[in-house]
Amino acid sequence: MLDIAPAPTARPGGIDRADYDRQCQAALVSPDAYWREQATALDWIRPFDTVKDVSFAAEDFRIRWFDGGQINVSANCLDRHLATRGDQVAIIWEGDASGEGARITYRELHDRVCRIANVLKAKGIGRGDRVTLYLPMVPDAAAAMLACTRIGAIHSIVFGGFSPEALADRIRDCGSRLVITADEGCRGGRRIPLKANVDSALERCEGVEHVLVLRRTGGDVGMTPGRDVWLDAAMADVSADCPPEPMEAEDPLFILYTSGSTGKPKGVLHTTAGYLLWVAKTFRDVFDHRDSDVFWCTADIGWVTGHSYVVYGPLANGATTVMFDGVPNYPDHGRLWETVDRLGVTILYTAPTAIRALMREGDDWVTRHSRASLRLLGSVGEPINPEAWAWYHRVVGDGRCPIVDTWWQTETGGILISPLPHATDPKPGAATKPLPGVQAQIVDSEGAVLSGAVEGNLVLTDSWPGQMRSVWGDHDRFIQTYFTTYPGKYFTGDGCRRDDDGDYWITGRVDDVINVSGHRLGTAEIESALVAHPRVAEAAVVGMPHEVKGQGIYAFVTLRVGETSTDALQNELRQWVRKQIGPVATPDALHFTPSLPKTRSGKIMRRILRKIAEGDTAAIGDTSTLADPTILDKLLGGCKN
Ligand code: WTA
């Protein structure tokens, strides 16, 4: 048994058990009054008329919050703090090399944001225009995001680890006319050719008129005259005065592409006021934010965690946020803890995959650093196994720091299910309780609501302000993907167990999405990359258990007639996927098979493939619906396990 202290008593302003119960009740009984009160945390240009106008029913579908209100995100993240904390550090930049960094105050950040906004305006960008960002983790990346919000442009950030192909797809889908990138990125001592990747992406898609290039490494890059300009030079040429654009509450704020179980990644669309309120509130409440905190979320801004908890949530609260441009094992496995000590980090928010990887290297890397500044630890992105939780708590947190295991999704904008440090007794591996205003249910595969201690699929029966509003360019796909499996309810795609205390344990995806080191990948995407190879006839991809990554990628591949499976081809195919999508999508295992197990109607029986990938062939179960029963022997013959 673990000896874990119960939740400490609340500090003034923090949420204790009684507050939690009160807020849940208020949000349920009188949502309008509750959210009206919560919305006072933001500065509005014009007050809203209606709080909430929501229906999840297909025939009458709408999700609208704070209609009539006008607001600007950058003004909430910057201008309103200037009088009281203009000289406070907003962003501590920690580069790839240990000690390489900078501190940017709120006043300096405001100046940079206004300048970038004016550069964008000078290039003809305004309200509703899409801007694609392909950037390293540097303060000007946050400034570029805020600059878009200042003038009402919609940013679409593409993770710097994505390939030119993936970048081109995303630029094309949202029709960006302008791209902001850097000469190169730096990760773990290696250079990433960001600008060269943009050049190659732009050969594959049309419509981009301008590329702004940030100087990160000083590396040599080609500049296309008339299209490409250096951001620093352009910023020096414009004024630092740029009034914030009054935006309607439901105006689009950003697009972020994420993988689903079918088709291409979809552009998740978030809107202005609801998203901002949700991230501001959850940052304040879940991390129990205080003025003296140094908050470090290790996520990249290319993912939603970086959007919500590196940039918008912290800055909306006037916090000091760390932007980390490196990796946890460079220059050595003590990097996180050395940095925690050097920067005086009080709250650390990271992913189970990083915790597991560091745990393997031994306690010494951690214990040789003090970590005395830490007071709260967070986890996000995938289920945290109890062993990793216990190590995080005992070794990293010296048994003193509460852990918040926060469950949420790109679609939810911010945290939905999580412990609150002063209201929840710790429970290793459980995301515990829905936050106030979050109406969770567990249903069976037919949609019947399950009560008590049960396991099933997690749905949300009502809206919260931070909910995504649409899929960019395809509203029907939004409704189809999330609201038709269980009509009238939002389906998360996650499995979930509820225990006797009413605590929620997320068990992982129940659809064809796999979670590799906290990165979401659709099996369909990897399959289509594989079949695009001239020697591949067919492919099926499933997740497999992986000690560090949580899930690994296991690909079954059928070659075209006349092709032979060799180690060289196996390698080539892994590299092929890497090039098509990006390093995160590289298959961990590649299994050649003469054919795939299918039903008589031609549907691939993934259940069987999953069992093989898990090495659990004894549990394959019913195979009577297989069109070709001999396929199993053939498959197992080629099995690597
Ligand atoms: C998984 C990341 C268990 C889940 C914020 C979800 C988690 C998907 C947790 C969303 C957690 C995220 N416990 N599983 N604390 N947090 N997940 O869109 O399967 O990149 O559906 O958002 O990650 O991944 P996404």
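Tutor: UniProt positions are given here in the numbering used for this chain, feature names are shortened, and annotations may be inferred rather than shown by experiment. The model is predicted, so that local features need pLDDT of at least 70 and side-chain atom pairs pLDDT 80 or more, while totals for chains, interfaces and linings use all residues. Residues are numbered from 1 along each chain as its sequence is written, and side-chain values use heavy atoms, without hydrogens and water.

Student: At which residues does UniProt place "domain: AMP-binding enzyme C-terminal"?

Tutor: The feature comes from an unreviewed UniProt entry. Over its span the chain is 27% helix and 32% strand (DSSP runs, H or I of at least four residues and E of at least two, numbered from the N terminus), with the end C-alpha atoms 17 Å apart. The record places this domain at residues 525-603.

Student: How many charged residues belong to the lining of the largest cavity?

Tutor: This lining consists of Ile15, Trp278, Lys281, Thr282, Asp285, Leu420, Leu435 and Pro436. Counting Ala, Val, Leu, Ile, Met, Phe, Trp, Tyr, Cys and Pro as nonpolar, Asp, Glu, Lys and Arg as charged, and the others, Gly among them, as polar, the lining has five nonpolar residues and one polar. The number of charged residues is two.

Student: Which elements give two or more residues to the lining of the second largest cavity?

Tutor: The residues that line the second largest cavity include Cys148, Thr149, Pro252 and Leu253. The whole lining divides into six nonpolar, four polar and no charged residues. The elements asked for are α5 (139-151) and β14 (252-258).

Technical notes. 1 Å grid on protein atoms, 1.4 Å probe; cavity = no way out; pocket = protein on both sides within 12 Å on 5 of 7 lines; lining within 4 Å.
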